Structures are given as C-alpha cells and as structure tokens.
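Reader: I'd like to go through this model and hear the reasoning behind each label. Can you take me through it term by term?

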Amino acid sequence: MNVFNLYTKLFSDPEKKVDLFKTFPWLYRVFYNQRLHYIWQTFLVDLFIILILSGLFGPQEPGSNIILYLCWGLWWPSVILSLFFVGRLWCGVCPFPVAGNFLQACHLSLQKKVPKILQRYSIAISVTFFMMIIWVEEATGMKSSPKETTWLLLTIWGGATLCGLLFAKQAWCQYFCPLGRLMGIGASISLIEFRPDHSACKKCTTFACNRGTDTEPGCPVSLGAYKVNNNLECLVCGRCMQLCEHQSPQLNVRHPLSELIIRKGRLITCTLMVPFLMGSQLARFMDQNIFNLMEIIELTCMGNWVCQMGLYAAPLFIGFCIVYVIITYGDLMFGVFNDELMGRFSPMVPLLLPLAFGGELVSRLNFTVRNFPDFLPTFGRQFGVEALEHFTFTIPEWVYPAYGLSIMFISELAGLYILEKFYEEEFEGAIALWQYRLIQSAYFALFGVYIYMMSTGWNIPILNIILIFQQ
Ligand code: SF4
Ligand code: SF4
Ligand code: SF4
C-alpha cells in the first residue's frame with residue numbers, strides 16, 4: 001500500500017485502521033522478542049546514571065553541564081514530539097521503573113495491592129504531581145540548575161522504585177506517574193494505537209496477557225491487550241505479545257483524531273489536565289518573551305524560592321482561568337455535556353487538546369532551539385575539550401516563528417476539524433448554527449491569545465505584536 005492510499009484510507013473515515021504488525025511482519029517480531037526494547041532500556045538506564053552523576057557531582061554553572069540540555073532540550077521535547085507519531089512508546093523503554101522491577105524479580109517487594117483510596121484518587125494525584133513539577137520548574141529556575149534537575153529525575157525514579165518495593169507490578173506507571181499521565185493524554189492524538197483483535201480475544205480462556213503464566217508475569221499495568229481501548233494507559237511495551245496464543249495484539253495506524261472524536265471529552269483525566277497545561281503554557285510564554293516575567297519575579301524576591309513560587313502562582317492562575325472560562329463557555333454553547341451512562345463530560349476539551357500539545361511542543365522547542373548553539377561549547381567546558389568551546393553559531397530569528405506558527409496552525413486546524421465533525425455528525429442537530437459560530441469564536445479567541453503571547457518572544461518587528469504597536 002503506498003503512502004497516498006494509506007493517507008486517503010485513514011483520513012476518509014476516522015474509524016479506519018491499518019495493522020502495522022500484519023503489513024510489516026518484522027515489526028511484529030521486534031515487539032514480540034523484546035530484544036530491541038531491552039537494548040534501548042539498558043542504554044537509557046546507563047545514560048540516566050551518567051546524567052545523575054553529572055548533575056550531582058559535575059559543575060553547577062548552567063553553561064558547563066550538559067545535563068540541562070540533554071534533559072530539557074533533547075529528552076523531554078523528543079518525548080513530546082514522539083507522542084504525535086508513536087504515542088506512549090517511550091514508556092516501553094523508560095528507565096524509571098527498572099530498579100523497582102529488579103527488586104520485584106529478586107522477591108524483595110511486598111507485592112501489596114494499591115489501597116482503594118489511592119486508586120480512586122490516582123488521576124487527581126498524578127495531575128497534581130504534574131502541576132507541581134511545572135510550577136517548581138518554572139518558578140525556581142530549575143532548567144538552569146543541574147542539581148535541581150537531577151533531584152527532579154531522582155524524585156520520579158524514587159517514586160517508581162518505592163512503588164515497586166511496596167506494590168505489585170508497575171503501580172507507579174499505572175496510577176501515579178505524572179509524566180505517564182501527560183503522555184497518555186498526548187497519545188490520544190497519536191498516529192498509532194496498540195489494540196487487541198477482539199475476534200481473537202473472544203476465543204480466549206486464559207487471559208494470559210493480563211494474568212501472566214506460571215513462569216511469566218502479565219501486563220505491568222494490570223491491563224492486558226484485551227482491555228486496551230484507548231491510548232491513555234497502555235505502555236506499548238509489547239510484553240503481552242509473548243503471552244497471547246492467538247496473536248491478538250495489533251499496532252494500528254489510524255486517523256490521529258479518531259480517539260478524540262469517538263470519546264467526545266468523556267475522559268476526566270483530560271478534563272483536569274488540559275486547562276492546567278494550557279494555562280501554564282500561557283504563563284511560560286510570558287516568561288520566554290520580552291515580558292521577562294521570571295526576571296521581574298527573581299528581582300522582587302531576591303532569590304527566595306518560596307516567594308518566587310508564590311508570585312509565579314499568579315500568572316499560572318490567570319492562564320488557567322482564561323482557558324477554564326473558554327472551556328466552560330464553549331461547553332455551554334454545545335449545550336450537550338451530560339451523558340446518562342458516563343455522567344458529565346466536556347466536548348470543548350477534545351477541541352483544545354491538539355492546541356494544548358502543539359503549545360507544549362512549541363514551548364519545549366523554544367528551549368531546545370535557543371540553547372542548541374551552546375551545546376558543543378558546554379560539552380567542551382565540562383570535559384575540557386577546548387576545541388569545542390568556540391564551536392558556536394547563531395540561530396536566525398525567523399526560525400522561532402517558523403516552527404511556532406507551523407505547529408500552532410496545524411493544531412488549530414485539528415481543533416477546527418474536530419469541531420466540524422461534532423457539529424455535522426457526532427452532535428448532529430443538537431447544536432444550532434449560531435452556537436457553532438460562537439464556539440468557533442471562543443476557539444479563535446484562545447488561538448489569538450496563544451499567538452499573541454508567542455509573538456511577543458519573536459524578535460522580528462512585523463511579527464511581534466508589542467513591537468508593532470511601539471512603532
Ligand atoms: S508511566 Fe512514567 S515511569 Fe512509567 S514508563 Fe511511563 S514515564 Fe516511565
Ligand atoms: S490478547 Fe490474547 S491473551 Fe489476551 S485476552 Fe486476547 S487472546 Fe487472550
Ligand atoms: S497491554 Fe500489553 S503493551 Fe500494553 S502495557 Fe500491558 S503488556 Fe504492555
């Protein structure tokens with residue numbers, strides 16, 4: 001099948017899928033034998049240890065320690081970018097749960113069940129963890145401190161290891177990991193999905209993909225291929241494939257917006273995360289641009305990080321309120337936000353989700369691009385390679401609006417496409433034309449706020465709204 005046919009097939013109908021395991025049998029073998037996963041994970045564990053040592057014992061000046069660029073400039077933006085194409089594939093090779101798994105394999109884990117109360121509030125807990133990370137990350141200048149960056153990595157690793165010690169399987173990944181929660185939501189607009197072939201599962205009597213066998217443990221997040229019906233929780237680790245006797249697991253290429261269109265905002269995780277994520281981005285754009293928000297806050301607080309966190313709460317709160325008001329207003333315009341089976345839901349959230357992850361990518365790429373010219377000199381300063389210390393260059397100013405506008409424009413189109421689908425098909429007849437137009441205006445208003453915030457960081461007079469008015 002050529003790329004054009006695949007594209008036409010997928011985009012003509014959001015329910016169409018193509019199973020990559022069937023199309024490329026070598027890919028099935030890669031996931032089945034797990035060797036590549038093992039090699040990648042081992043490499044990442046080694047890299048993780050080197051980063052930790054470098055962060056704790058290496059130089060602490062931002063321009064002399066490569067941990068900052070590797071962590072904030074390469075790793076995290078790559079994970080965000082990968083969500084659009086391969087979903088949560090990172091989780092399949094992530095180094096954080098390795099120590100906990102090792103303790104379990106040595107029978108050093110208590111193997112308890114996660115208490116019901118923690119299970120019930122796990123979404124709120126992980127979203128709160130995530131909010132705290134963004135808050136601390138921005139308000140304390142963590143991205144320019146090797147030690148603080150290392151402590152963040154160690155905290156996530158510590159959480160995963162402690163859960164491995166106390167609970168069965170990868171409870172951290174299943175319930176508490178803030179990164180996993182964000183990735184699960186981002187993966188709902190991924191081009192691929194890991195799913196079972198339900199016709200094969202109907203014949204199954206063992207459900208080994210979840211329960212495991214006498215010799216092999218089952219799914220690390222107590223899911224098993226047969227229960228995977230969205231991209232939120234499955235780690236795409238492929239461990240269930242060896243356990244399944246019916247070759248049920250599939251890796252499908254799909255319409256990237258199909259999951260959002262089908263669910264229509266029925267997932268509480270997204271409803272909590274999206275307004276915070278977008279609100280925090282608005283605050284971050286204020287900092288990354290000519291407002292120089294953090295500089296003002298740091299001057300006011302004279303280095304006191306508690307004061308900095310307190311003051312930074314204000315832009316975070318304003319950003320959150322802007323997005324929350326637009327979501328509430330849009331939901332009211334939809335007039336459909338209650339379902340007999342599922343309870344309350346928010347049709348505005350799937351509309352905004354592509355914009356939220358587009359904004360996240362732009363915000364993270366800003367760090368990557370801005371600090372890229374200094375990567376080799378930093379490496380040279382840290383390891384005493386003098387030749388690299390002068391190996392720097394300048395990024396042309398047009399690069400920032402080029403990727404910023406492209407990513408936001410594609411995200412905007414994705415949201416408008418979902419809105420049109422809702423209006424014409426999913427909520428057909430439930431929304432009047434005037435309501436549809438008002439939702440569109442709310443959506444454009446938010447898009448305008450984003451572009452305004454982003455543009456103030458572009459050093460090109462005709463694109464920078466503040467500079468236009470100053471002329
Ligand atoms: S959920 Fe978190 S700890 Fe678990 S694999 Fe994913 S990123 Fe790693
Ligand atoms: S995925 Fe395989 S093991 Fe799991 S229920 Fe389906 S057929 Fe059974
Ligand atoms: S369902 Fe399969 S691929 Fe998904 S997390 Fe469980 S074992 Fe891994």
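Author: Sure, starting with a serine: Ser 109 lies in the loop between helix 7 (98–105) and helix 8 (116–120). Helices here are DSSP runs of H or I with at least four residues, strands are runs of E with at least two, and both are numbered from the N terminus. Before we go on, this is a predicted model, where local features need pLDDT of at least 70 and side-chain atom pairs count only at pLDDT 80 or more, while totals for chains, interfaces and linings use all residues. Residues are numbered from 1 along each chain as its sequence is written, chains are lettered from A and ligands numbered from 1 in the order in which they are written, and side-chain values use heavy atoms, with hydrogens and water left out.

Reader: Why is Ser 109 called buried?

Author: Buried means under 20% relative accessible area, exposed means over 50%, and partly exposed is in between, with a 1.4 Å probe and protein chains only. Ser 109 comes out at 12%, so it counts as buried.

Reader: What makes the link from the side chain of Ser 109 to Gly 164 a polar contact?

Author: A polar contact is a pair of N or O atoms within 3.5 Å; within protein, one must be able to donate a hydrogen and the other to accept it, and residues adjacent in sequence count only if both atoms are side-chain atoms. The side chain of Ser 109 reaches the backbone oxygen of Gly 164 at 2.9 Å, and the backbone oxygen of Leu 165 at 3.3 Å. Using plain contact instead (heavy atoms within 4.5 Å), and skipping neighbours within four places in sequence, the partners of Ser 109 include Leu 103, Gln 104, Leu 166 and Phe 167.

Reader: What makes the phi of His 107 worth a mention?

Author: Most residues other than glycine have a negative phi. His 107 has a positive one, near 60°. His 107 also sits in the loop between helix 7 and helix 8, and at 72% relative accessibility it counts as exposed. Ser 222 is another non-glycine with positive phi, about 50°, found in the loop between helix 14 (208–211) and strand 3. With a relative accessible area of 27%, Ser 222 is partly exposed.

Reader: How do you know that Glu 137 and Lys 143 form a salt bridge?

Author: The rule asks for a side-chain nitrogen of Lys or Arg within 4 Å of a carboxyl oxygen of Asp or Glu. For Glu 137 and Lys 143 the closest N and O atoms are 3.5 Å apart, so the pair qualifies. Both ends are buried: Glu 137 has a relative accessible area of 3%, and Lys 143 has 16%. By this rule the count comes to 13 salt bridges.

Reader: Which elements hold Glu 193 and Arg 254?

Author: Those two side chains meet in a salt bridge at 3.2 Å, N to O. The pair links distant parts of the chain, with Glu 193 in strand 2 (residues 192–195) and Arg 254 in strand 3 (residues 250–254), 61 residues apart. Glu 193 and Arg 254 are buried as well.

Reader: Why is Arg 381 called partly exposed?

Author: Its relative accessible area is 35%, which falls between the two cut-offs, so the label is partly exposed. Arg 381 forms a salt bridge with Asp 374, the closest N and O atoms being 3.2 Å apart, and Asp 374, at 30%, is partly exposed too. Elsewhere, salt bridges that share partners join Glu 137, Glu 138, Lys 143, Arg 284, Glu 360 and Arg 364 into one network.

Reader: What makes a residue part of the shell around ligand 1?

Author: One of its heavy atoms has to lie within 4 Å of the ligand. Around ligand 1 that gives a list including Arg 88, Trp 90, Cys 91, Cys 94 and Met 183. Helix 6 (89–93), helix 11 (171–176) and helix 12 (178–186) each supply at least two residues of that shell.

Reader: How many residues around ligand 1 are nonpolar, polar and charged?

Author: Ala, Val, Leu, Ile, Met, Phe, Trp, Tyr, Cys and Pro count as nonpolar, Asp, Glu, Lys and Arg as charged, and the others, Gly among them, as polar. By that scheme the shell around ligand 1 has eight nonpolar, one polar and one charged residues. The shell around ligand 3 has eleven nonpolar, two polar and no charged residues.
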